[in-house]
Amino acid sequence: MSAILFFKQKIRHLLCLGLLFSFCISCKNKEAKVITEVKNVSEINNNIPVYDFNTLEPLFYTKTDKTYIINFWAMWCGPCVEELPYIEEYAAKNPDVEVLLISLDFPKDIETKLKPFLKKKNITSKVILLDDPDANAWIDKIDPHWSGSIPFTIIFNSKKRAFFEHAFTSTKELENTVTETLKQ
């Protein structure tokens, strides 16, 4: 019974994220902060920042043509874990694309579970943990059509933005989706 309550809480959390993101899209004066690139592989995901949604929100905007992929996921989400290698492969092939993995796991698990998971899975994309309990307040700001389920991916630049509430099943599918999304 507690697993069902936990899942429902996570869904509410994600639903609020969509609402906040939609609100943020309408604010055109905001610009995405460039996600710090880690040059030394040994430092990758050594320090996983914990953000609330207000801190995370500016990362959803850019005034440049640079492509961003933001993926909401969690270690407990099977489809999320299955798609991570495709996102990693895409990122390796496309170093000009900024990839950000937003973990919805618990902050208390960063050292004991999340970091070991990332190391075991060879995840080198930047990871941020979102810890904002009021999911009902921010999910719709991300995308009002988002049910709150994960994985959830946003692909955008200054001109185009698209949302995907499903797991990518191959690197090729992700490549095609990015290309189609950003077509002029």
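**Asp 105.** I began with the burial of Asp 105 in this predicted model, and I found a relative accessibility of 5%, so I entered Asp 105 as buried, the limit being under 20%. I then located Asp 105 in the loop that runs between β3 (98–103) and α4 (110–120). For its polar partners I noted two entries: the side chain of Asp 105 reaches the backbone nitrogen of Met 75 at 3.0 Å, and a polar contact of 2.7 Å joins the side chain of Asp 105 to that of Ser 103.

**From Asp 105 to the cysteines.** I looked up the separation of Asp 105 and Cys 77, which is 28 residues in sequence and 9.8 Å in space, C-alpha to C-alpha. I next asked how many disulfides a search of the whole structure finds. The search returned one, and I identified it as the pair Cys 77 and Cys 80, with their sulfur atoms 2.3 Å apart. About the S-S bond I recorded 75°, and I entered the link of Cys 77 and Cys 80 as right-handed. Are these two cysteines buried or exposed? Cys 77 is buried at a relative accessible area of 6%, and Cys 80 is buried at 0%.

**Trp 73.** Leaving aside residues up to four places away in sequence, I listed the contacts of Trp 73, and found both Cys 80 and Asp 105 among them. The list for Trp 73 also includes Ser 103, Leu 84, Leu 101, Leu 114, Phe 117 and Ile 150.

**Nonpolar core.** I then turned to the largest nonpolar core, which has 51 residues, and I noted that Trp 73 is among those with the most contacts inside it, together with Phe 60, Phe 72, Leu 114 and Ile 142. The largest share of this core comes from α3, which supplies six residues.

**Helix α6.** My last entry concerns α6 (residues 171–181), where I found Thr 171, Leu 174, Glu 175, Thr 177, Val 178 and Thr 181 to be buried. Why do I describe these buried residues as lining one face of the helix? Seen down the axis of α6, they fall within an arc of 165°, so one face of the helix is lined by them. I set this beside the rule that an α-helix has 3.6 residues a turn, so residues three or four places apart point the same way. On the other side of α6 I noted Lys 172 and Thr 179 as exposed. What covers the buried residues of α6 includes the strands β2 (68–73), β5 (152–156) and β6 (161–164), as well as the helix α3 (78–93).

Key: Residues are numbered from 1 along each chain as its sequence is written. This is a predicted model: local features need pLDDT of at least 70, side-chain atom pairs count only at pLDDT 80 or more; totals for chains, interfaces and linings use all residues. Side-chain values use heavy atoms; hydrogens and water are left out. Buried means under 20% relative accessible area, exposed over 50%, partly exposed in between (1.4 Å probe, protein chains only). Helices (H or I, at least four residues) and strands (E, at least two) are DSSP runs, numbered from the N terminus. The arc is that of the directions from the helix axis to the C-beta atoms. Contact means heavy atoms within 4.5 Å. A nonpolar core is a set of buried Ala, Val, Leu, Ile, Met, Phe, Trp, Tyr and Cys residues joined through side-chain atoms within 4.5 Å. A disulfide is a pair of cysteine sulfur atoms within 2.5 Å. A polar contact is a pair of N or O atoms within 3.5 Å; within protein, one must be able to donate a hydrogen and the other to accept it, and residues adjacent in sequence count only if both atoms are side-chain atoms.
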